[in-house]
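Welcome! Let us take a walk through this structure together, one stop at a time.

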Amino acid sequence: MLIINVRPWGGNAVDIEVRDGRIAALHPAGTAAVNAGTAGGAVDGRHRIAIPAFTDVHVHLDSTRIGLPFREHTGGPGVWNMMCNDRENWRDTPIPYPEVVAGTLERMIARGTTRVRSYAQVDVDCRLERFEAVLAAKERFARAATVEIMAFPQAGLLLEDGTVPLLEDALRAGATTIGGIDPCQLDRDPVRHLDIVFGLAERYGVDVDIHLHEPGHLGVFSAELIFERTRALGMQGRVSLSHAYDLANVHPDVSARLLEQMAELDIAWATVAPASGGTQFDLARMTDAGIRVGLGEDGQRDYWSPYGNCDMLDRAWQLAFTHRLRKDRLIEHCAAIATVGGASIMDRAVRRLTSPDDRPGLAVGDEADIVLVDGETVTSTVMDRGADRTVIHDGRVVADGLSVLPDPAA
Ligand SMILES: [Zn+2]
């Protein structure tokens with residue numbers, strides 16, 4: 001495959017030669033057709049910007065009303081009330097739920113996301129119904145995107161009998177990460193909660209991700225229990241904290257200590273770029289410290305929140321906005337987090353960002369997961385969020401003009 005006349009990370013125009021799903025060569029624009037002897041069948045980049053395809057490392061594909069009529073938000077405050085609001089309503093869809101889930105993934109791919117780490121809620125209400133819907137969507141779009149599934153106890157582990165065996169069923173059925181959530185605030189027994197989560201990780205050989213919405217020092221306490229278990233089980237590089245926004249909102253010495261431990265234990269951070277009245281983590285400082293940072297969209301237009309539109313370029317804008325960034329290099333760093341930053345969390349073989357100025361992902365040997373998008377510079381692209389996009393995955397154009405193309409092999 002040839003992708004002609006594109007500007008990698010907004011640089012000089014090149015032609016990209018792709019072989020076996022990887023970037024095989026970069027030629028000055030206008031010369032590749034001759035070199036490769038394949039004048040026909042090239043993808044016309046039309047001088048657009050090429051960036052690595054997006055990675056969403058924190059999405060709830062099973063918590064979505066994308067594609068359904070807009071609905072007034074009815075959730076009460078707090079995780080438990082929101083969970084109950086979802087539990088009362090999620091089955092109420094005019095089309096089968098698996099179609100809503102698959103439609104959400106399709107819309108994400110159409111906008112340039114080809115790597116997805118999705119939660120699947122597992123509890124005594126939905127049992128494996130939501131997990132199976134995410135699994136079916138993953139299989140349906142297996143040639144257009146790489147999807148990893150987390151078994152996620154949204155309703156806690158200890159409040160309702162029967163959750164843990166269901167999580168084990170999901171792990172046996174293909175979940176590759178086990179989730180946990182607010183060990184102090186939700187289950188009110190952090191040691192037991194985390195011992196169960198890490199115990200399952202050890203037994204099934206899967207990664208761990210903990211949703212942490214806990215405020216201030218309560219969150220710090222939970223985080224340090226997570227660090228202890230990561231160290232004790234030798235799980236360095238296999239644990240991530242999601243949200244954890246309030247860990248930046250404590251005394252600077254305390255948050256510095258947390259970042260040091262995250263770097264030492266190679267614990268990644270997945271943010272959904274929430275609004276915050278307090279201090280936000282410094283993204284550049286985290287990357288400089290060697291901490292992998294990824295971005296996600298969380299639930300989209302669901303029973304928790306009306307936000308989210310399947311567009312990681314929008315979310316990259318939101319990351320820059322909520323971190324109050326103005327400098328081009330730092331806004332481009334947000335684009336790098338939304339693409340290769342997340343990829344290095346999902347796949348430890350993907351090279352992590354080494355500095356806020358690092359722009360990897362489009363070199364010879366890299367996987368040819370690429371989005372072409374209109375714009376003058378990468379920063380202007382983040383600001384304008386252009387709609388003229390072409391998405392390439394595994395040596396094939398999988399989406400164009402915000403639509404997923406039919407799979408020729410299907
Ligand atoms: Zn979430």
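Our first stop is Trp 269, which counts as buried because its relative accessibility is 1%, under the 20% cut-off. Please keep in mind throughout that this is a predicted model. Trp 269 has an aromatic partner, Phe 281, and the two are edge-to-face, with 5.0 Å from centre to centre and 75° between the planes. The pair joins distant parts of the chain: Trp 269 belongs to strand β11 (residues 268–271), while Phe 281 lies in the loop between β11 and α9 (283–288), 12 residues apart. Phe 281 is buried too, with a relative accessible area of 5%. The loop between β11 and α9 also holds Asp 282, and Asp 282 is partly exposed, with a relative accessible area of 44%. From the C-alpha atom of Asp 282 to that of Gly 386, 104 residues along the chain, the separation is 27 Å.

There are four aromatic pairs in the structure. In one of them, the rings of Trp 90 and Tyr 97 have their centres 4.9 Å apart and their planes at 80°, so this pair is edge-to-face. Trp 90 counts as buried at 1% relative accessibility, and Tyr 97 is buried at 9%. Trp 90 has another companion: the charged end of Arg 130 sits over its ring, 4.6 Å from the ring centre.

Now turn to helix α2 (residues 79–89), whose buried residues are Val 79, Met 82, Met 83, Asn 85, Asp 86, Arg 87 and Asn 89. Among the elements covering them are β5 (54–64), β6 (113–121), α4 (129–140) and β8 (177–181). Take a closer look at Asn 89, a residue of this helix that is buried with a relative accessible area of 14%. Its side chain reaches the backbone oxygen of Asn 85 at 2.8 Å. Leaving aside residues up to four places away in sequence, Asn 89 touches Arg 71, Thr 74 and Tyr 303.

What is the surrounding of Asp 15 like, and which side chain of opposite charge is nearest? Asp 15 is found in strand β2 (residues 14–19). This residue is buried yet has no salt bridge, and the nearest side chain of opposite charge, Arg 7, is 11 Å away. The side chain of Asp 15 does have backbone partners: one of its polar atoms lies 2.8 Å from the backbone nitrogen of Gly 30, and the side chain reaches the backbone nitrogen of Thr 31 at 3.1 Å. Beyond four places in sequence, the residues that Asp 15 touches include Ile 3, Leu 26, His 27 and Pro 28.

Elsewhere, charged side chains do meet, and the structure holds 31 salt bridges. One joins Arg 257 and Glu 224 at 3.1 Å, N to O, linking helix α8 (residues 252–265) with helix α7 (residues 216–232) across 33 residues. Arg 257 is partly exposed at 37% relative accessibility, and Glu 224 is partly exposed at 24%. Helices α7 and α8 are also linked by Arg 231 and Glu 264, whose side chains meet in a salt bridge at 2.6 Å, N to O.

Further along the chain, Glu 332 forms a salt bridge with Arg 359, with the closest N and O atoms 2.8 Å apart. Glu 332 lies in helix α11 (residues 328–346) and Arg 359 in the loop between α11 and β14 (370–373), so the pair ties together parts 27 residues apart in sequence. Glu 332 is buried, with a relative accessible area of 17%. Finally, Arg 117, Glu 148, Asp 207, Arg 238 and Arg 348 are linked in a network of salt bridges.

How values were computed: Residues are numbered from 1 along each chain as its sequence is written. This is a predicted model: local features need pLDDT of at least 70, side-chain atom pairs count only at pLDDT 80 or more; totals for chains, interfaces and linings use all residues. Side-chain values use heavy atoms; hydrogens and water are left out. Helices (H or I, at least four residues) and strands (E, at least two) are DSSP runs, numbered from the N terminus. Buried means under 20% relative accessible area, exposed over 50%, partly exposed in between (1.4 Å probe, protein chains only). Lys and Arg count as positive and Asp and Glu as negative; His and the chain ends are not counted. A salt bridge is a side-chain nitrogen of Lys or Arg within 4 Å of a carboxyl oxygen of Asp or Glu. A polar contact is a pair of N or O atoms within 3.5 Å; within protein, one must be able to donate a hydrogen and the other to accept it, and residues adjacent in sequence count only if both atoms are side-chain atoms. Contact means heavy atoms within 4.5 Å. Rings of Phe, Tyr and Trp (its six-membered ring) pair if their centres lie within 6.5 Å; planes under 30 degrees apart count as stacked, over 60 as edge-to-face and the rest as tilted. A charge sits over a ring if NZ of Lys or CZ of Arg is within 6 Å of the ring centre and within 35 degrees of the ring normal.
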